[in-house]
Amino acid sequence: MNLYKTPPPQTHVLCLDEMGPLGTKLYFGRQWSLLKKYPHVTPNYGGKGKLWVFGALEPATGCVLTMTAPRRCGSDFVNFLDRVIEQWHDGDLVLIMDNLSVHKVVDVRLWALKHERVRFLFQPTYSPWLNLIEPWWKTLRQLALKGRNFTSIEQLAMAIEQATAYWNNHRHPYIWRK
């Protein structure tokens with residue numbers, strides 16, 4: 001965990017992961033009530049589309065980058081990696097991620113060879129708690145989704161974008177509380 005708190009000089013340590021699929025549906029949230037009863041709602045199951053969220057978190061600063069995509073595939077992940085190196089354009093990058101097959105496809109490996117300042121650090125299998133973006137997804141769900149009803153993919157993507165902007169405007173170093 002020391003790598004998260006105090007990265008080497010001129011190095012950014014980033015935690016990468018994907019969240020989803022998210023659907024266009026009602027995301028339940030608590031609402032205030034005098035009788036302490038939840039309001040009656042008819043659930044919908046999001047049959048109008050899916051959305052994946054790619055995310056990068058720098059625990060030392062709390063800075064976050066998200067990108068939405070209609071699927072989780074190697075080409076979308078390469079597009080996200082391009083955004084990561086645009087966001088953190090100076091210094092070396094250590095990207096901590098899980099062993100998902102999308103992270104190891106040929107396109108991603110070729111991308112890594114092309115970008116010498118980027119190093120991949122794969123966490124051990126079956127240990128998602130070591131990646132600090134995992135608990136941050138809960139924060140994003142609270143900010144973007146909870147208590148809202150989405151009828152289109154565009155609304156959902158905009159909510160993710162706005163929540164990320166809000167987080168970055170109020171960011172702070174992300175502390176691991178395990």
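This is a selection-by-selection tour of a predicted model.

**Whole chain**

Start with the full chain, coloured by secondary structure. It has five helices and seven strands. From the N terminus, the elements run α-β-β-β-β-α-β-α-β-α-β-α. Switch to colouring by accessibility: buried residues make up 40% of the 178 residues. Then consider the contact map. Among contacts between residues at least 6 apart in sequence, 72% join residues at least 24 apart.

**Strand β1**

Select residues 11-23, which are strand β1. Eleven of the 13 residues here are buried, and β1 is mostly covered. Now bring in its partners. β1 joins β5 through five bridges, and the two run parallel. With β3, the pairing is antiparallel and spans seven bridges.

Pick out three residues of the pairing:

- Threonine 11 stands opposite aspartate 92 in β5.
- Leucine 14 stands opposite leucine 95 in β5.
- Cysteine 15 stands opposite leucine 57 in β3.

**Histidine 12**

Stay in β1 and select histidine 12. Is this residue buried or exposed? Its relative accessible area is 17%, so histidine 12 counts as buried. Show its side chain as sticks, then add aspartate 90. The backbone oxygen of aspartate 90 lies 3.2 Å from a polar atom of the histidine 12 side chain. Next, show the surroundings. Beyond residues up to four places away in sequence, histidine 12 touches Glu58, Trp88, Asp90, Asp92, Leu93 and Val94.

**Strand β5 and the crossover**

Select residues 92-97, strand β5. Five of the six residues are buried, so the strand is largely enclosed by the rest of the structure. You have already seen β1 paired with β5. Now add residues 118-122, strand β6. β5 and β6 run parallel and are joined by five bridges. For a landmark, pick leucine 95, which stands opposite phenylalanine 120 in β6. Leucine 95 also stands opposite leucine 14 on the β1 side.

Keep both strands on screen and add helix α3, residues 106-114. Together, β5, α3 and β6 make a right-handed β-α-β unit.

**Tryptophan 111**

Within α3, select tryptophan 111. Its relative accessibility is 6%, which means that it counts as buried. What is tryptophan 111 in contact with, leaving aside neighbours within four places in sequence? Display Val78, Leu81, Asp82, Ile85, Val118 and Phe120. Phe120 is the residue you just saw opposite leucine 95. Put a distance label between the C-alpha atoms of tryptophan 111 and valine 78. They are 7.2 Å apart in space, though 33 residues apart in sequence.

**The salt bridge**

Move to helix α2, residues 74-87, and select aspartate 76. Then add arginine 71. These two form a salt bridge, with the closest N and O atoms 3.9 Å apart. How many salt bridges does the structure hold? The count is one. In general, side chains of opposite charge can pair when their charged atoms come close.

Compare the two ends by accessibility. Arginine 71 has a relative accessible area of 42%, so it is partly exposed. Aspartate 76, at 8%, is buried. Expand the selection around aspartate 76. Leaving aside neighbours within four places in sequence, its contacts are Phe54, Met67, Ala69 and Arg71.

**The nonpolar cores**

Finish with the packing. The largest nonpolar core has 26 residues, and Trp136 and Leu140 touch the most other members. The elements giving two or more residues to this core are β1, β3 (50-58), β5, α4 (133-144) and α5 (153-169). Which element gives the most? Select α5, which supplies six residues.

Centre the view on tryptophan 136. Leaving aside its neighbours within four places in sequence, this side of the tour shows tryptophan 136 in contact with Leu57, Val64, Thr66, Trp167 and Tyr174. Leu57 is the residue that cysteine 15 stands opposite.

Apart from the largest core lies another, of 22 residues. Select Leu14, Trp88, Met97 and Val108, which are among its members. Two of these names have come up before. Leu14 stood opposite leucine 95, and Trp88 touched histidine 12.

Methods. Residues numbered from 1 in each chain as written. Predicted model: local features only at pLDDT ≥ 70, side-chain atom pairs only at ≥ 80, totals over all residues. Heavy atoms only, no water. Helix = DSSP H or I, 4+ residues; strand = E, 2+ residues; numbered from the N terminus. Buried < 20%, exposed > 50% of the residue type's maximum accessible area, 1.4 Å probe, protein only. Contact = heavy atoms within 4.5 Å. Salt bridge = Lys/Arg side-chain N within 4 Å of Asp/Glu carboxyl O. Pairing = 2+ DSSP bridges. Right-handed = clockwise from strand over helix to strand, strands pointing away. Core = buried A, V, L, I, M, F, W, Y, C linked by side-chain atoms within 4.5 Å. Polar contact = N/O pair within 3.5 Å; in protein donor to acceptor, adjacent residues only side chain to side chain.
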